[in-house]
Amino acid sequence: LKGYAPICLGLEDFYTRRLYLRIQACPIDCFSRPIASAPDAWFDVVERYSNDNNKTLHRTSNTTKCLNLGSYNYLGFAAADEYCTPRVIESLKKYSPSTCSARIDGGTTNLHTELEELVARFVGKPDAILFGMGYVTNSAIIPALLGNGGLIISDSLNHNSIVNGARGSSASVRVFQHNSPSHLEEVLREQIAEGQPRTHRPWKKIIVIVEGIYSMEGELCKLPEIIAVCKKYKAYTYLDEAHSIGAVGKSGRGVCELLGVDTDDVDIMMGTFTKSFGSCGGYIAASKEIIQYLKHTCAAHLYATSMSPPAVQQVISAIKVILGEDGSSRGAQKLARVRENSNFFRSELQKMGFEVLGDNDSPVMPIMLYNPAKIPAFSRECLRQEVAVVTVAFPATPLLLARARICISSSHSREDLMKGLEVISKVGDLVGIKYFPAEPPKC
Ligand code: PMP
């Protein structure tokens with residue numbers, strides 16, 4: 001059956017734990033649809049986010065208010081903030097919501113240039129360029145960086161925007177096993193000899209692409225080891241910091257700061273403003289030469305409308321708070337808080353017997369459900385008890401590795417976290433996802 005794939009549907013009656021299996025032929029393009037149509041926290045319409053730093057959200061049906069354990073709002077900037085909000089409102093009055101122009105056609109305000117300088121300074125690179133969307137940053141920049149005769153070596157669990165960027169370039173693509181420096185070396189060794197000069201090998205350019213924190217795994221990149229391999233084979237490194245910039249590192253500067261990596265060793269640093277900074281858009285930070293090259297060649301810079309000025313102002317203000325340049329210590333407190341909250345929540349879940357992926361300090365923590373049939377049960381039962389969680393499954397994960405992905409914020413109080421743990425524990429018992437024995441309480 002061309003265009004169809006066998007799909008195994010597991011329907012679980014989670015009260016009796018009886019599992020019904022059905023195999024059916026499913027058109028390949030509708031894999032994402034059966035799950036997307038399930039009514040639960042995330043496929044329902046959100047009426048509004050509350051003003052308590054996006055900690056709770058209001059839904060249109062059934063539950064009116066629930067604890068938000070799924071937003072990427074790691075530092076709580078995605079709501080009214082005493083420093084950011086008045087400045088964003090001013091920028092709206094001064095510049096309007098949109099420039100209605102591409103960067104080179106009158107779409108560059110002084111806010112755009114200020115943010116480019118600030119991002120470069122914040123991440124530790126000589127220069128930076130902005131894009132209206134994080135997704136587009138990857139999918140448009142990768143084809144601008146290399147094409148025919150180039151080689152992309154991509155982590156097997158890289159985000160879809162990277163996969164699309166790689167596919168959209170005419171470069172060759174190889175994949176290495178997730179977060180495995182030794183497999184990366186094997187793949188590189190198949191292509192070139194160790195130490196071979198860049199001018200004497202079959203590829204014009206080789207770029208290795210990794211993420212700082214993997215969005216579906218909550219795992220930190222083994223960046224020092226990956227960089228060592230790249231240096232040995234003279235490959236360029238491209239680091240997507242969507243989930244790590246602002247969220248980890250002593251001063252929020254991401255995985256390089258956390259893992260003690262010199263930013264000179266990462267050639268291209270990519271990030272988004274949609275997580276820790278509570279805004280939208282994306283950036284590339286690199287050498288002045290690379291940024292100038294991208295400004296002259298990247299179609300998404302030349303032909304797309306520039307970032308919305310109030311969104312730019314939001315990021316400028318959030319970075320200033322993180323750096324303490326607002327004259328307060330709120331930034332440092334937020335960073336300490338998200339780390340403390342994440343480590344507490346992760347260790348409590350593990351003590352309860354859940355299988356939790358990812359590393360300490362990462363605010364992303366997937367709880368393994370495995371069977372995709374447990375998704376609606378887990379999600380709806382949590383929601384019934386006023387806790388909203390994101391569940392993810394195929395094609396974002398392998399078919400039988402479904403999970404609930406918890407995202408922790410500095411704006412969660414200890415009381416919020418305790419409520420979340422209590423509900424997740426009860427629902428975990430109900431749907432049978434505590435795969436390890438619970439740790440006995442310490443006397
Ligand atoms: N890169 C990664 C690793 C991501 O997880 C995402 C989205 N969550 C993006 C890029 C795209 O960013 P945005 O949502 O800001 O467009």
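## Working through a two-domain model

The chain splits into domain 1 (25-78 + 330-431) and domain 2 (84-323). Keep in mind that this is a predicted model.

**Exercise 1.** Work out how far apart the C-alpha centres of domain 1 and domain 2 lie, and which element gives the most to the side of domain 1 that touches domain 2.

*Solution.*
- Start with the distance: the C-alpha centres of the two domains are 26 Å apart.
- Next, look at the contacts, where 23 residues of domain 1 meet 23 residues of domain 2.
- Now ask which elements give two or more residues on the domain 1 side: these are α12 (330-352) and β13 (364-370).
- Of the elements there, α12 gives the most, with four residues.
- Finally, sort that side of domain 1 by residue type: you get 14 nonpolar, five polar and four charged.

**Exercise 2.** Find the strand order of the open sheet of three strands, and explain why one side of β13 and of β15 is left without a neighbour.

*Solution.*
- Read off the order first: it goes β13-β16-β15, and the pairing is antiparallel.
- β13 and β15 (390-392) stand at the edges with a single partner strand each, so each has one side without a neighbour in the sheet.
- For the twist, neighbouring strands here are turned by 30° against each other on average, if you ignore direction.
- Zoom in on one pair: six bridges link β13 with strand β16 (residues 402-407) in the antiparallel sense.
- To see where to look, take Met368, which stands opposite Arg403 in β16.

**Exercise 3.** Take the open sheet of seven strands and name its edge strands, then find which helices pack on or lie across β6, β11 and β12.

*Solution.*
- Write down the order: β6-β12-β11-β10-β9-β7-β8, this time with mixed pairing.
- The edges are β6 (127-131) and β8 (172-176), and each of them pairs on one side only.
- From one strand to the next, the twist averages 20°.
- For a parallel pair, go to strand β9 (residues 205-211) and strand β10 (residues 236-240), which are joined by five bridges.
- Within that pair, Val208 has Thr237 of β10 as its bridge partner.
- Now add a helix: α3 (residues 110-123) packs on the sheet and touches β6, β11 (268-272) and β12 (282-286). The direction of α3 makes about 125° with that of β6.
- Helix α9 (residues 288-297) lies across β6, β11 and β12 too, but runs at about 30° to β6.

**Exercise 4.** Describe the shell around the ligand: how many residues surround the ligand, and which helix gives the most to the shell?

*Solution.*
- Count first: 14 residues surround the ligand.
- Then pick out the closest, which are Gly134, Tyr135, Ala242, Thr272 and Thr274.
- The helix that gives the most is α4 (residues 134-145), with three residues.
- By type, the shell holds three nonpolar, nine polar and two charged residues.

**Exercise 5.** Check which residues UniProt lists for "domain: Aminotransferase class I/classII large", and describe the span.

*Solution.*
- The UniProt record, an unreviewed entry, gives residues 65-424 for this feature.
- Compare the two ends: the end C-alpha atoms of residues 65-424 lie 17 Å apart.
- As for make-up, the span is 41% helix and 17% strand.

How values were computed. Residues numbered from 1 in each chain as written. Predicted model: local features only at pLDDT ≥ 70, side-chain atom pairs only at ≥ 80, totals over all residues. Near = placed C-beta within 6 Å. Nonpolar A, V, L, I, M, F, W, Y, C, P; charged D, E, K, R; others polar. Domains from an automatic or database assignment. Contact = placed C-beta atoms within 7 Å. UniProt positions renumbered as here; feature names shortened; annotations may be inferred. Pairing = 2+ DSSP bridges. Axes fitted to C-alpha atoms, helices over the stretch in contact; angles between N-to-C directions.
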